[in-house]
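User: I would like to learn how to read packing features from a set of coordinates. Please take one feature at a time, with the general idea before the case.

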Amino acid sequence: MRAFAIREATDTDLPALAELLSAVNPRHPWTAQTLKHELQALRDSPLGLHVAQWVAQDAVSGALLGAASALQFGGMYHPDRYHAELGVHPASRGQGVGTALAAELDTHLRARRAREILAGSYEDEPQGVAFLQARGFAEVMRFFDNVLTVADVDPAAWADQAALPPGLRVLSLAELRAEVGETAANLAFYEGWREAREDVPRTGAATPIPFETFRDRLIRPEFFPEGVLLAVTPEGEVAALSELYLDLHDPARLNTGLTGTRRAWRRHGLALALKLAALRLARERGAAEVWTGNATTNAPMLALNGRLGFRPRVAWIEMKWGGV
């Protein structure tokens with residue numbers, strides 16, 4: 001059995017931790033920069049979100065073998081709900097690292113009297129699913145990456161569906177900022193985003209995100225305002241949006257954030273028009289792939305993405321213990 005120690009993670013671990021997490025899930029790699037930003041955003045939340053992390057460190061080499069965290073997220077917040085994450089480097093599995101980290105998590109969450117814990121595993125990693133099932137977790141939802149090869153999209157085939165209804169314009173956030181100023185543009189973006197996100201499938205009720213917290217989204221390392229496509233009314237209201245983010249590991253990949261439409265503007269083709277605008281931008285930037293994530297219950301978005309040529313990858317199985 002390999003000798004290792006479990007200890008609390010510190011910010012000095014971030015480069016090694018990002019490397020470890022990228023090895024655990026190469027589909028969605030991390031950089032130390034993005035990891036630092038995400039953790040700081042959680043710590044700065046006015047909700048007082050709980051953030052706790054541990055690493056398993058090799059007793060001889062000092063290498064990180066695994067990591068675990070108990071987190072709370074503001075977008076689906078309840079004081080007794082926690083998100084547990086646990087990963088072991090592929091080269092260090094089967095040596096008791098995951099079991100030791102799980103015991104640390106269990107002790108911590110019991111002490112905090114957690115009533116609901118969310119965790120998950122990919123469907124092609126049955127040992128991860130079994131690991132959670134053995135600890136009382138049950139499946140509640142599935143999500144998967146949908147990936148589109150940009151070269152497979154023929155813009156001419158979609159020309160008659162790329163236009164918005166009369167009076168609406170497609171503007172990037174960068175263009176809207178140039179027209180009305182950064183603060184007004186950010187507020188308009190926020191109002192559209194705030195309403196559109198309410199109907200995104202999730203395993204619990206959405207909780208409000210104040211503008212002060214939303215602004216953190218605008219300074220994420222992978223954020224670029226040219227990639228935020230907005231359907232703007234003559235009055236300056238954002239009726240719909242589709243976000244693209246840079247991938248800091250792969251310059252040939254763009255990742256989709258939220259695509260959504262405010263309720264009063266649905267069934268007018270806005271989401272499709274903005275998706276097509278995003279794909280034109282991806283082509284102009286030389287991107288090879290565009291990734292997006294969808295819940296298996298989100299039939300309208302799955303249908304839209306399927307029409308455009310997105311193809312699903314392996315599903316992430318969200319599992320839950322307890323309930324609030």
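Analyst: The turns below cover a helix pair, burial, aromatic pairs and charges over rings in this predicted model.

User: How is the packing of two helices described?

Analyst: Two numbers serve for packed helices: the angle between the axes and the distance between them. Here helix H1 (residues 14-24) packs with helix H2 (residues 32-43) at an angle of about 105 degrees, and their axes are 8 Å apart. H1 is therefore roughly perpendicular to H2, since angles of 65 to 115 degrees count as such.

User: Which residues of H1 and H2 meet?

Analyst: On the H1 side they are Leu14, Pro15, Leu17, Ala18 and Leu21; on the H2 side, Ala32, Leu35, Lys36 and Leu39. Sorted by class, this contact has 8 nonpolar residues, 1 charged residue and no polar ones. In an α-helix there are 3.6 residues a turn, so residues three or four places apart point the same way.

User: Which residues of H1 are buried, and what covers them?

Analyst: Leu14, Leu17, Ala18, Leu20, Ser22 and Val24 are buried in H1. Their cover includes H2 and the strands E2 (51-58), E3 (64-71) and E4 (81-88).

User: Is Gln53 of strand E2 buried or exposed?

Analyst: Gln53, in strand E2, has a relative accessible area of 17% and is therefore buried, the cut-off being under 20%. Leaving out residues up to four places away in sequence, Gln53 touches Arg7, Glu8, Ala9, Leu17, Leu39, Arg43, Ala68 and Ser69.

User: How many aromatic pairs does the structure hold, and how is such a pair described?

Analyst: The description of a ring pair takes the distance of the centres and the angle of the planes. The structure holds 8 aromatic pairs. For Tyr190 and Phe211, the ring centres are 5.4 Å apart and the planes stand at 65 degrees, so this pair is edge-to-face; the cut-off for that class is over 60 degrees. Tyr190 lies in helix H6 (residues 182-196) and Phe211 in helix H7 (residues 211-214), so the pair links distant parts of the chain, 21 residues apart.

User: Are Tyr190 and Phe211 buried or exposed?

Analyst: Tyr190 counts as buried at 8% relative accessibility, and Phe211 is buried at 15%. Tyr190 and Phe211 also belong to a cluster, linked by ring pairs, with Phe189, Trp193 and Phe214.

User: Where do the charged ends of Arg27 and Arg253 sit?

Analyst: Arg27 has its charged end over the ring of Tyr122, 4.0 Å from the ring centre. The charged end of Arg253 sits over the ring of Trp291, at 3.6 Å from its centre.

How values were computed:
Residues numbered from 1 in each chain as written. Predicted model: local features only at pLDDT ≥ 70, side-chain atom pairs only at ≥ 80, totals over all residues. Heavy atoms only, no water. Axes fitted to C-alpha atoms, helices over the stretch in contact; angles between N-to-C directions. Helix = DSSP H or I, 4+ residues; strand = E, 2+ residues; numbered from the N terminus. Parallel < 35°, antiparallel > 145°, perpendicular 65-115°, else oblique. Contact = heavy atoms within 4.5 Å. Nonpolar A, V, L, I, M, F, W, Y, C, P; charged D, E, K, R; others polar. Phe/Tyr/Trp six-rings, centres within 6.5 Å; stacked < 30°, edge-to-face > 60°. Buried < 20%, exposed > 50% of the residue type's maximum accessible area, 1.4 Å probe, protein only. Lys NZ or Arg CZ within 6 Å of the ring centre and 35° of its normal.
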